[in-house]
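This report is written for a reader meeting the structure for the first time. It proceeds from the packing of one helix to the sheet, the core and a single residue.

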Amino acid sequence: MQGESEAKSFTRGGDVVSQEETILRIEGMSCGHCKMAVEKALQAIPGVVSASVDLAKKEALVTGAANRDALVKAVEDAGFDVV
Ligand SMILES: [Cu+2]
């Protein structure tokens, strides 16, 4: 029996890639520019495969094997708070 976790597997170019997901709850975003600033900041972190922000939910979904502390710092450096 395999344990369920937040990691997902999918195929990319024939290889099965194990994909980690991190969800960050972010305060201070008010418009599309904020959303883009956060996504850009997150995508710049090594290991991040993709980052997408849901403004309504105030959440960022990050995929890739990135260090959570680095993600939090990137968001804070962009001028927002991770809660
Ligand atoms: Cu804004």
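## Packing of helix 2

In this predicted model, the buried residues of helix 2 pack against strand 3 (21-27), helix 1 (32-43), strand 5 and strand 6 (81-82). Helix 2 itself spans residues 68-77, and its buried residues are Leu71, Ala74 and Val75. Because they cover an arc of only 95° around the axis, these residues are on the same side of helix 2.

The face turned away from that buried side carries the exposed residues Asp69 and Asp77. Helix 2 lies across strand 3, strand 5 and strand 6, and runs at about 30° to strand 3. Just after helix 2, Gly79 takes a positive phi of about 105°.

## Overall arrangement

The secondary structure of the chain comprises 2 helices and 6 strands. Their order along the sequence is β-β-β-α-β-β-α-β.

The chain has 83 residues, of which 19% are buried. Among contacts with a separation of 6 or more, 54% involve residues 24 or more positions apart.

## The sheet

An open sheet is formed by 4 strands in the order 4-5-3-6, with antiparallel pairing. Strand 4 and strand 6 are the edge strands, each pairing on one side only. Helix 1 packs on this sheet, where it touches strand 3, strand 4 and strand 5, and its direction makes about 165° with that of strand 4. As a general principle, strands of a sheet pair through backbone hydrogen bonds, either parallel or antiparallel.

The pairings can be followed across the sheet. Strand 4 (residues 48-54) is joined to strand 5 (residues 59-64) by 6 bridges in the antiparallel sense. Within this pairing, Ser52 has Leu61 of strand 5 as its bridge partner, and Asp54 stands opposite Glu59. The hairpin of strand 4 and strand 5 has 4 residues between the strands, and Lys58 takes a positive phi near 60° there. Strand 3 and strand 5, also antiparallel, are joined by 5 bridges. Glu21 stands opposite Thr63 in strand 5, while Thr22 stands opposite Val62 in strand 5. Strand 3 and strand 6 pair in the antiparallel sense over 2 bridges, and Ile26 stands opposite Val82 in strand 6.

## The nonpolar core

Which residues of the largest nonpolar core touch the most other members? This core has 16 residues, and those that do so are Ile26, Val38, Leu42, Ala60, Val62, Leu71 and Val75. Strand 3, helix 1, strand 4, strand 5 and helix 2 each supply at least two residues of the core. Two of the buried residues of helix 2, Leu71 and Val75, thus reappear in the list of core residues that touch the most other members.

Ala60 offers a detailed view of the packing. Leaving aside neighbours within four places in sequence, Ala60 is in contact with Leu24, Ile26, Val38, Leu42, Ala51 and Val53. Among these partners, Ile26, Val38 and Leu42 are also listed with Ala60 among the core residues that touch the most other members.

## Val49 in an edge strand

Val49 lies in strand 4, which is one of the edge strands of the sheet. Is Val49 buried, exposed or partly exposed? Val49 is partly exposed, because 15 other C-beta atoms lie within 10 Å, whereas a buried residue has 20 or more and an exposed residue 12 or fewer.

Apart from neighbours within four places in sequence, Val49 is in contact with Thr63 and Gly64. Thr63 is also the residue in strand 5 that Glu21 stands opposite. Val49 and Glu20 are 29 residues apart along the chain, and their C-alpha atoms are separated by 9.5 Å.

Definitions and conventions: Residues are numbered from 1 along each chain as its sequence is written. This is a predicted model: local features need pLDDT of at least 70, side-chain atom pairs count only at pLDDT 80 or more; totals for chains, interfaces and linings use all residues. A residue is buried if 20 or more other C-beta atoms lie within 10 Å of its own, exposed if 12 or fewer, and partly exposed in between; C-beta atoms are placed from the backbone. Two residues are in contact if their C-beta atoms, placed from the backbone, lie within 7 Å. Two strands pair if DSSP finds at least two bridges between them. The arc is that of the directions from the helix axis to the C-beta atoms. Axes are lines fitted to C-alpha atoms, for helices over the stretch in contact, and angles run from 0 to 180 degrees between N-to-C directions. A nonpolar core is a set of buried Ala, Val, Leu, Ile, Met, Phe, Trp, Tyr and Cys residues joined through C-beta atoms within 7 Å.
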